[in-house]
2 protein chains.
Amino acid sequence: MADRNAANVMGRGESLLFLTDDQLRRGIEAMFFAYRGFTADPDRILQDYGYGRAHHRAIHFINRSPGTTVNNLLSILGVTKQSLNRVLRTLVEDGLVDSRVGTRDKRERHLFLTPKGAALERELSEAQRSRMRDAYRAAGPEAVAGFRTVLEQMMNLEMRRQYMDGGDGAR
Amino acid sequence: MADRNAANVMGRGESLLFLTDDQLRRGIEAMFFAYRGFTADPDRILQDYGYGRAHHRAIHFINRSPGTTVNNLLSILGVTKQSLNRVLRTLVEDGLVDSRVGTRDKRERHLFLTPKGAALERELSEAQRSRMRDAYRAAGPEAVAGFRTVLEQMMNLEMRRQYMDGGDGAR
DNA sequence: AGTTTATGTCAGCCTTGTTGACTTTCCAAG
DNA sequence: CTTGGAAAGTCAACAAGGCTGACATAAACT
C-alpha cells in the first residue's frame, strides 16, 4: 500500500493526480525557500534606507491603492494600528508618504506615495518582478499559468479566512 | 504601446507568454497572501505550545533530516547560532528534540525528534498539507504541476543565491 | 603545542508584532 | 445642540526572534 498516505487531488473528473505526503512536504519546503528568496532582494534594498519589511508592505499597498485610508491598510495588512502607525510615521517623516486629511470625512487620513516614495516602490517591486521573471522563464509558460492559478486559490482561501474570523480591523 | 512594460517570458520556442508589470504585481501580492495563509494554521497551533515560527522551522528540518547537526541546521535556516540555540534549547528542555553527541566527531550534536516532537511535527505539517490540498483541489491537477515547477525554480534560484553569497554558516 | 572547528552561552540591541489606556477630532443620531 | 461612538493618534510596556560581540569548552586537526 504505497498510497496509504496519498492525497487524491482531482480536477473536474478529467484526470487524477496523486500526491503523497512527501510530495506535499516538498511543496511546503519550496514555499519556505521561495518566499525567502522572494523577500531577499527587497530586504537588502530596504536596509540601505533603514527600513524593514513592514515599511515595504505599507509602501506596496499604498501604491496599489492610492488614497487608501489607514483603516483600510490596517485590515489588509492584519496588524494593529500601533504597529502600522509606527511605520507610517517614519515614512511620512522621511517624505515617502503623504497623509492627507479626508475631505468628506476629516477623521480619515488618505495615504499617497510622494515621488520619492514612488521611486522606492519601483526599486523594490522591480527587484521582485525581476526574480519572478527569472523563475517564470526557467519554468516555461504553461507552468506559469498553473502557478498563477494555484497561487490565486491559496490567496482566495486566505482572504476568505481573513474575512470570516478577524476582519475587525480595529483591535 | 500597451506592451511597453511587458515581460516577455518564453518557453523553448513553443509559445509566448506576455506578462505585464501589473500581472507580475498581482503575482507578488498573491505570494504575500498565500504565504500568510500558509503559515496561519501552524502559527495558531504553535501558540498553544508557546512556540513560534522559529520552532516550527527547526522541527520541520530536523524531521526531514534526522540526525542533522546544529551547523547543518544553521546553514539551512540562515540564522545565527545564538538565535537557533535559543529555540533549540527550549525544544530540548521540553522534550521535543533529542540532542546526541556525535560518535565519530564528539563536538557535533546530532538532532532527532522525540515521539512528542514527531507528534507536533505531524500536527503542524498536516495543517499545512491540508491547506495545500484545498488549493490544489480547487486549481486542478494541471495547474498543480505548473505550480510545483515554478516553485521549484524559485527555490533553486534561492538555494543558489544562498550558496553563493553567504554559506558561511558560522557568523 | 597550537590552531581551528563545533557548540553553547551571556549581554545587549533592533524591528515588529502585541495589549491596554487615554486623548482628540468630528460625524451623525437623537 | 448635545452626546455617543468611530477614526485616528499617542504613550507605555512587553515578547518573539532576528542581530552583534565576546568568551568558554571540548575535540579534532596540523
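This is a short chat about a predicted model, covering a helix contact and a DNA strand.

Me: How do the axes of H1 of chain A and H5 of chain B cross?
Reply: They come within 10 Å and cross at roughly 90 degrees. Angles of 65 to 115 degrees count as roughly perpendicular, so H1(A) and H5(B) are roughly perpendicular to each other.

Me: Which residues make the contact?
Reply: From H1(A): Asp21(A), Leu24(A), Gly27(A), Ile28(A) and Met31(A). From H5(B): Ser125(B), Gln128(B), Arg129(B), Met132(B), Arg133(B) and Tyr136(B).

Me: And by class, what does the contact of H1(A) with H5(B) have?
Reply: Five nonpolar, three polar and three charged residues.

Me: Switching to DNA. Which residues come nearest to strand D?
Reply: Lys81(A), Arg107(A), Gly52(B), Arg57(B) and Arg86(B), out of 25 residues around the strand.

Me: What share of the strand D atoms within 4 Å of the protein is sugar and phosphate?
Reply: Sugar and phosphate account for 60% of those atoms.

Me: Which side chain has an N or O atom 3.1 Å from a phosphate oxygen?
Reply: That of Asn85(A).

Me: What about polar backbone atoms, say in Thr80(B)?
Reply: One in Thr80(B) is 2.7 Å from a phosphate oxygen of strand D. Lys106(B) also has one, at 3.2 Å from a phosphate oxygen.

Me: Which elements give two or more residues to that surface?
Reply: In chain A, helices H3 (70-77) and H4 (81-93). In chain B, helices H2 (53-64) and H4 (81-93).

Me: How many residues of each class are on the surface near strand D?
Reply: There are 12 charged, 10 polar and three nonpolar residues.

Methods:
Residues numbered from 1 in each chain as written. Chains lettered and ligands numbered in written order. Predicted model: local features only at pLDDT ≥ 70, side-chain atom pairs only at ≥ 80, totals over all residues. Heavy atoms only, no water. Axes fitted to C-alpha atoms, helices over the stretch in contact; angles between N-to-C directions. Helix = DSSP H or I, 4+ residues; strand = E, 2+ residues; numbered from the N terminus. Parallel < 35°, antiparallel > 145°, perpendicular 65-115°, else oblique. Contact = heavy atoms within 4.5 Å. Nonpolar A, V, L, I, M, F, W, Y, C, P; charged D, E, K, R; others polar. Near = heavy atom within 4 Å. Polar contact = N/O pair within 3.5 Å; in protein donor to acceptor, adjacent residues only side chain to side chain.
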